[in-house]
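Trainee: I would like to go through the terms used for this model and the reasons behind them.
Mentor: Ask about each term, and we will set the value against the cut-off.

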Amino acid sequence: MSAQVPFRYRGDESFTVIHACFALTDQYRKILVELGKAHQLSENEMLVLVHLALYPSARTQKQLQATQLPLSISSICRMVESLRKKGYLTTRLDENDRRSWIICLEEKGITLTEEFRQNLRQRLGSIFREIPGFDLEGFAAAMAQAAVLARRSAATA
């Protein structure tokens, strides 16, 4: 079996980067779905848990949505309520805004998000190990910087 040639769009690196981002995002979503099924959670419930772990300062539904979580406020509210009933998180009324709830991950939620992180790290590690001399730390730093710049550009556009 011959090795596949990496995707290239007529030498245009921008399409190549986007194609790679879609492929890596697909791996991320597969892990969300796999772990979700194993724990009887939907992909959206898993997204809420992962975003709570990634953004510890996002403690209300509106703050959670602002983390680029691709769900409406009403969907986030439904996911939070479902996860609360299943013991993954707790909620309490926000004393500063009586219309909002403070969301806190419980041990069960923390454990699951750590399992997700480990699975993602393992999956990406196995992908990047195939690239000779690949610097994952440098790549991650460049992608983090690109994300900041892309968000800044979108905010000013």
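**Terms and the values behind them**

Mentor: Start with the aromatic rings. This is a predicted model, and the structure holds 4 aromatic pairs.

Trainee: What makes F128, F134 and F139 a cluster?

Mentor: Ring pairs link F128, F134 and F139. Rings count as a pair if their centres lie within 6.5 Å.

Trainee: How do you know that the charged end of K108 sits over the ring of Y88?

Mentor: The charged end of K108 is 4.6 Å from the centre of the Y88 ring. The cut-off for the distance is 6 Å, and the charge must also be within 35 degrees of the ring normal. K108 is listed as sitting over Y88.

Trainee: Now the helices. What is the overall pattern of the protein chain?

Mentor: Along the sequence the pattern reads α-α-α-α-β-β-α-α, made up of 6 helices and 2 strands. The C-alpha atoms fill a box of roughly 55 × 40 × 25 Å along the principal axes.

Trainee: Why is helix 1 called oblique to helix 5?

Mentor: Helix 1 (residues 13-38) and helix 5 (residues 107-128) pack at about 140°, with axes 10 Å apart. Roughly perpendicular covers 65 to 115 degrees and roughly antiparallel needs over 145, so an angle between those ranges counts as oblique. Helix 1 is therefore oblique to helix 5. The crossing of helix 1 with helix 5 is right-handed.

Trainee: Which residues make that contact between helix 1 and helix 5?

Mentor: On helix 1 they include L24, Y28, I31 and L35, and on helix 5 they include L112, F116, L120 and F128. The residues of this contact divide into 11 nonpolar, 2 polar and 4 charged.

Trainee: What makes helix 2 roughly perpendicular to helix 4?

Mentor: The axes of helix 2 (residues 43-54) and helix 4 (residues 73-85) cross at roughly 85° and come within 9 Å. The range for roughly perpendicular is 65 to 115 degrees, and the crossing angle therefore makes helix 2 roughly perpendicular to helix 4. N44, E45, V48 and L49 of helix 2 make the contact with M79, V80, S82 and L83 of helix 4. By class, these residues are 5 nonpolar, 2 polar and 1 charged.

Trainee: Why are helix 1 and helix 2 also described as roughly perpendicular?

Mentor: Helix 1 and helix 2 pack at an angle of about 110°, their axes 9 Å apart. The upper limit of the range is 115 degrees, and helix 1 and helix 2 are therefore roughly perpendicular to each other. In helix 1, Y28, R29, L32, V33, L35 and G36 meet E43, M46, L47 and V50 in helix 2. That contact divides into 7 nonpolar, 1 polar and 2 charged residues.

Terms used:
Residues are numbered from 1 along each chain as its sequence is written. This is a predicted model: local features need pLDDT of at least 70, side-chain atom pairs count only at pLDDT 80 or more; totals for chains, interfaces and linings use all residues. Side-chain values use heavy atoms; hydrogens and water are left out. Axes are lines fitted to C-alpha atoms, for helices over the stretch in contact, and angles run from 0 to 180 degrees between N-to-C directions. Helices (H or I, at least four residues) and strands (E, at least two) are DSSP runs, numbered from the N terminus. Angles under 35 degrees count as roughly parallel, over 145 as roughly antiparallel, 65 to 115 as roughly perpendicular and the rest as oblique. A crossing is left-handed if the near helix is turned anticlockwise from the far one by less than a right angle, and right-handed if clockwise. Contact means heavy atoms within 4.5 Å. Ala, Val, Leu, Ile, Met, Phe, Trp, Tyr, Cys and Pro count as nonpolar, Asp, Glu, Lys and Arg as charged, and the others, Gly among them, as polar. Rings of Phe, Tyr and Trp (its six-membered ring) pair if their centres lie within 6.5 Å; planes under 30 degrees apart count as stacked, over 60 as edge-to-face and the rest as tilted.
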